[in-house]
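Here's a quick look at the charged side-chain pairs in this one. Have the viewer open as you read.

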Amino acid sequence: MWRMRPQSTWGGDTPATYGLLIAMIALFIVALFGGGAFVALLAWPVSVEWFRSLAAWQPLTFPLVHAPQNPWNLLFDGLVLFFFGGSLERAWGSARFLLFFAVSGIIAGGVVLLVAPHGEAAFIGMIGSYVACSVAFASINPHATVIFFVFPIQARWLGPIAIVYELFFRNAYYGGPVPAAVSIAVVSLFGWAYATHRLDIASWRGLSFKERLARWQQRRRWRKWQREASRIQKPSDLFKR
C-alpha cells in the first residue's frame, strides 16, 4: 500500500539545513562572549601538529563556528547553506546531505595536510563545504535561473563563482594560494561526482555498467528537459509536442 512520507513538524522538509543554521548562529553568539578561546576550541588548525592535540572533534565542528570579528563569513555561508543546502537536502534526504556536508570539509582539510603538512591553515566556517554545495547544486540544476545579488544567471555559473571567491578571498584559511587551489579543485570534483552519482559514498559500492548507462541516459533526458524549460514563456508550452 502506498503511503505518503510524513513531513517533519520542525524545519519542514529540510530539518538538517535548519539545524546547521541554528547551530551556526548559536555558536556565533557564544563566540561573541567566549572570545578567541572558544573559537580555537572548535576551529581546525590543519597541520601535522594538530594530531598531537587529540582534538578529534574539530574536523566536524569547524564548519559551524565563525570568528565574531568577521560576520560576513557567517552571512555568506548561511546564504549558501539555506538556498543550496536546502535544495540538496530535498533531493538527497537529510542523512545523505549531512554526510556530504561533513565529508566535503574533511576532504578539503585532508588535501591541505598532504600539500602543506606544516602550513598555517586554519579551517573555520564552511571551508570546503561552501564550494562543494555550490558545485553540487549547479551540477543538479545547471539551467535553473537564480538571482545572484540582483542579476539573474543560470545555476551552472554558481560553481565557478564560488571557486573564484574561495580561491581569491578566502585562500588564507587554506594556508596560501597553492594549497587552496589544490584543495578547492579536489573538493569541486567531489561535489560534482557526488551530485551526479559518479561517487556514491552513501552506499559504498560501485555501479554496474548497465546502471551507469541508464543514469547517463537519464541525465541526458533531464538536461534536455531543463534546456527546454529555460526557454519557455508559459508553463503550458513545455508540454506541447
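What follows is a short tour of the salt bridges and how exposed their partners are.

This is a predicted model, and the count comes to three salt bridges. Here they are with their N to O distances:

| Pair | Closest N to O distance |
|---|---|
| Arg-90 and Asp-13 | 3.2 Å |
| Arg-170 and Asp-77 | 3.3 Å |
| Glu-166 and Arg-170 | 2.9 Å |

Start with Arg-90 and Asp-13, which form a salt bridge at 3.2 Å. This pair ties together distant parts of the chain: Arg-90 sits in helix H3 (residues 71-92), while Asp-13 is in the segment before helix H1 (15-42), 77 residues apart. Arg-90 has 48% relative accessibility, so it counts as partly exposed. Asp-13 is partly exposed too, with a relative accessible area of 36%.

Now for Arg-170 and Asp-77, whose side chains meet at 3.3 Å, N to O. Here again distant parts of the chain get linked: Arg-170 lies in the loop between helix H6 (158-169) and helix H7 (177-195), and Asp-77 belongs to helix H3, 93 residues apart. Are these two buried or exposed? Arg-170 is buried because its relative accessible area is 1%, under the 20% cut-off. Asp-77 comes in at 0% relative accessibility, so it counts as buried as well.

Arg-170 also forms a salt bridge with Glu-166, with the closest N and O atoms 2.9 Å apart. Both Glu-166 and Arg-170 are buried. Put together, Asp-77, Glu-166 and Arg-170 are linked in a network of salt bridges.

Note on methods
Residues are numbered from 1 along each chain as its sequence is written. This is a predicted model: local features need pLDDT of at least 70, side-chain atom pairs count only at pLDDT 80 or more; totals for chains, interfaces and linings use all residues. Side-chain values use heavy atoms; hydrogens and water are left out. A salt bridge is a side-chain nitrogen of Lys or Arg within 4 Å of a carboxyl oxygen of Asp or Glu. Helices (H or I, at least four residues) and strands (E, at least two) are DSSP runs, numbered from the N terminus. Buried means under 20% relative accessible area, exposed over 50%, partly exposed in between (1.4 Å probe, protein chains only).
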